[in-house]
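The following exercises concern the structure shown below. Each task is followed by a solution that goes step by step.

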Amino acid sequence: MLSQARSLLVSLLPLIAAVAAHKEPKTPQEIEVQRALQAAAYHCAPAVEQYTAARKHNWAQKVLAGRPSLPGYDDLFGKETYADNGVAAGGDQTVMGCTPIQDTRIQNNTCVLTPVVTEGPYYHKVGHPVRQNIAELQDGLLLLLDIGVIDVETCQPLPNVLVDIWQANATGHYAGHPEPAPHLVNEQPQVGGKRAGLLSAFPRTVQEETFLRGAWPTDQNGVAQFTTIFPGYYTGRATHIHTKVFPSWTVLPNGTFTSDHLAHTGQFFFDDEINLRVDNRSFKMHPYTMNPIRDTRGRTRNWRDSLNIFEDSHGPEGKYNPVFRLDLLGGVISQGLVGYITMMAEVALARLANGIRFIGQPVHATLFPYPIAATFHAARISIAYQANARAATAGMGAKLPWGTYIAGYLVMTWGGTIWTHYLLGLSPPMLYTTTPYIIYLTTHLILTLITHLFPFILSPSVFALLDTVLFPLDALVRTGAVTSTTAHLTTTAIPQALRSSVVTYLIIGALASAGGGLTASTLSTWSPTWSFSTPPVLRAPTLTALIWGSMDVWGGALVAAVHATLRGQVAFHGLQQVVQPYVGTAVVAGTEWMNEVEAKAAAAGVLGMLFGLRAYRTHWMGKAQGAHVAKGAKAKKH
């Protein structure tokens, strides 16, 4: 069984680790991952083109109405936009004489959200305001940004992801970084090499400055819009805007945000033609004329961008276009520009991470301020225990005594926790706090009343439906139980011999996932008189039945292994070395491959797929095969 779990883990980890690799693709394996995403991007290209054309059309209509500013979100990108947007499918249309909307060519004007370029030295990990107008008091050419995010799996707009951007002002400075370090005032740009033209990064000396920094979530149609100014420039770098994308985040009381789940770090660029137009000496656009290197080094062209960032942003085969599509807001450039770009995101892991966070929230802040995960676990065990108790007492004309009923339920609920803590030499949490009793007994008693009033809830058909619908939540909750227990193995309270043992992780993972059910079935705690018996999982007639029937056991061990490997735990450095050649240089054996939330999400994804297969096989596969046979027999009869 362990060898099968190891083989499955080895086959899955290269894919999972590729998602975790926050570097540009260089090795053949990394390039193949990028090519797969590229193929998905081109699959979505028609949708991207229509998406962009509709957005441009609606914004132009706002300008015609005399409102050259951010449009309203409710009416700008609604479904009717795509159904009747006035853009001919086979030709060009000019909404305004100065604003052509071209719909005839498909440009892959997208950035697939794999981490391909550096965040640079001027990102502030804290303090980015959640806002749309990021200009503050910075003067410059008005620039409205329309950034769409599309799910690479469905080609549909992706709502509620946070787009974070930051850029230099007209004179080439970032907020908080006005001057070079005192000992580098006279530093000259590097000559030659990948860093050609660059100076050392200016230190952050003005903590309170936030201009040209901000983040905003995409709306229900997958669009985040910003008001800013056309970026300035500094030596060695092409004109660009930085971006990060966060699938989940928390807004702080001061209006900034925090997040531990980064989906993408990238940079957007502008055509050299528009850069030269802004810098045209006859144009004399203030304050760009005040840039200190305007008359010496000037703007760096895209093709000369240092560190190969502009080149890397195009992907391994140069088929991405990280350059904004720009339209005039009026008849002349000085009236401002609007820039469109569409990014593509693979968000399966992000959704799982959101699920991990969701189940950690309270059921209700006032009425039941206890975690959803614990409450769901209590409810799932209560339903299973009641179903087993009903079957055990059927035909006996008797019910379980209340003491047996409560004790048996608690054994089934906490058996895994008690066993794992005993093996690790720790005290189970229910021995020193009342919270578990409140959560589990309250849930159990409420569900007992409900099933008494509505007995059909415990019927096999309803049970099958619940098992089918709720298996993703079950996977998330079991993953949380396993990883919170194996977290003890990272503390010095546990002997080093246990912390460095793969077997310890597998045993603890299996017991945390299924220890309660195994204990309850061994003791028959749903019977009026408890007695030792062989657990049903060990009475499976065939190896196939054993594998499917024991999935809660070995699935917990697999979760522990996946999570510990992705977190770089010492016990799994050897497995990382086995997997690393399949991943390439994007990850390094002996290090963390994902943060805690991402690792939990990946482990939950693996377990969820297994639980989904089990639910289908257990409850529906036989019915589907029976229906197919019946259909064939009916066809032969006719």
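## Exercises on a predicted model

Strand S12 and strand S13 (residues 337-345) form an antiparallel pair over 4 bridges. The model is predicted, and the exercises begin with this pair.

**Exercise 1.** Determine which side chains of S12 (residues 325-328) are buried, and identify the residue of S13 that stands opposite Leu326.

*Solution.*
- Step 1. In a regular strand, side chains alternate between the two faces of the sheet.
- Step 2. S12 shows this alternation: Arg325 and Asp327 point to one face, and Leu326 and Leu328 to the other.
- Step 3. Arg325 and Asp327 are buried, while Leu326 and Leu328 are not.
- Step 4. Across the pair, Gly339 of S13 stands opposite Leu326.

**Exercise 2.** Describe the largest nonpolar core and state which helix gives the most to this core.

*Solution.*
- Step 1. The largest nonpolar core has 35 residues. Tyr505, Leu558, Leu566, Phe572 and Leu610 are those with the most contacts inside it.
- Step 2. At least two residues of this core come from each of helix H13 (471-486), helix H15 (502-523), helix H17 (551-566), helix H18 (573-583) and helix H19 (596-619).
- Step 3. H17 gives the most, with 10 residues.
- Step 4. A second, separate core has 33 residues, among them Ala224, Phe270, Met285 and Leu337.

**Exercise 3.** Explain why the buried residues Leu575, Gln576, Val579 and Val583 are on the same side of H18.

*Solution.*
- Step 1. Leu575, Gln576, Val579 and Val583 are buried in H18.
- Step 2. They lie on the same side of H18 because they cover an arc of only 95° around the axis.
- Step 3. An α-helix has 3.6 residues a turn, so residues three or four places apart point the same way.

**Exercise 4.** Is Thr451 buried or exposed, and which residues beyond its neighbours within four places in sequence are in contact with Thr451?

*Solution.*
- Step 1. Thr451 is found in helix H11 (residues 435-453).
- Step 2. Its relative accessible area is 5%. The cut-off for buried is under 20%, and Thr451 is therefore buried.
- Step 3. Leaving aside neighbours within four places in sequence, Thr451 is in contact with Ile383, Gln386, Arg390, Ile457 and Leu458.
- Step 4. A polar atom of the Thr451 side chain lies 3.1 Å from the backbone oxygen of Thr448.

**Exercise 5.** Locate Gln220 and classify its exposure.

*Solution.*
- Step 1. Gln220 is in the loop between strand S6 (213-217) and strand S7 (223-229).
- Step 2. With a relative accessible area of 49%, Gln220 is partly exposed.
- Step 3. Gln220 and Asn160 are 60 residues apart along the chain, and their C-alpha atoms are separated by 6.9 Å.

Methods
Residues numbered from 1 in each chain as written. Predicted model: local features only at pLDDT ≥ 70, side-chain atom pairs only at ≥ 80, totals over all residues. Heavy atoms only, no water. Buried < 20%, exposed > 50% of the residue type's maximum accessible area, 1.4 Å probe, protein only. Core = buried A, V, L, I, M, F, W, Y, C linked by side-chain atoms within 4.5 Å. Pairing = 2+ DSSP bridges. Arc of directions from axis to C-beta. Polar contact = N/O pair within 3.5 Å; in protein donor to acceptor, adjacent residues only side chain to side chain. Contact = heavy atoms within 4.5 Å.
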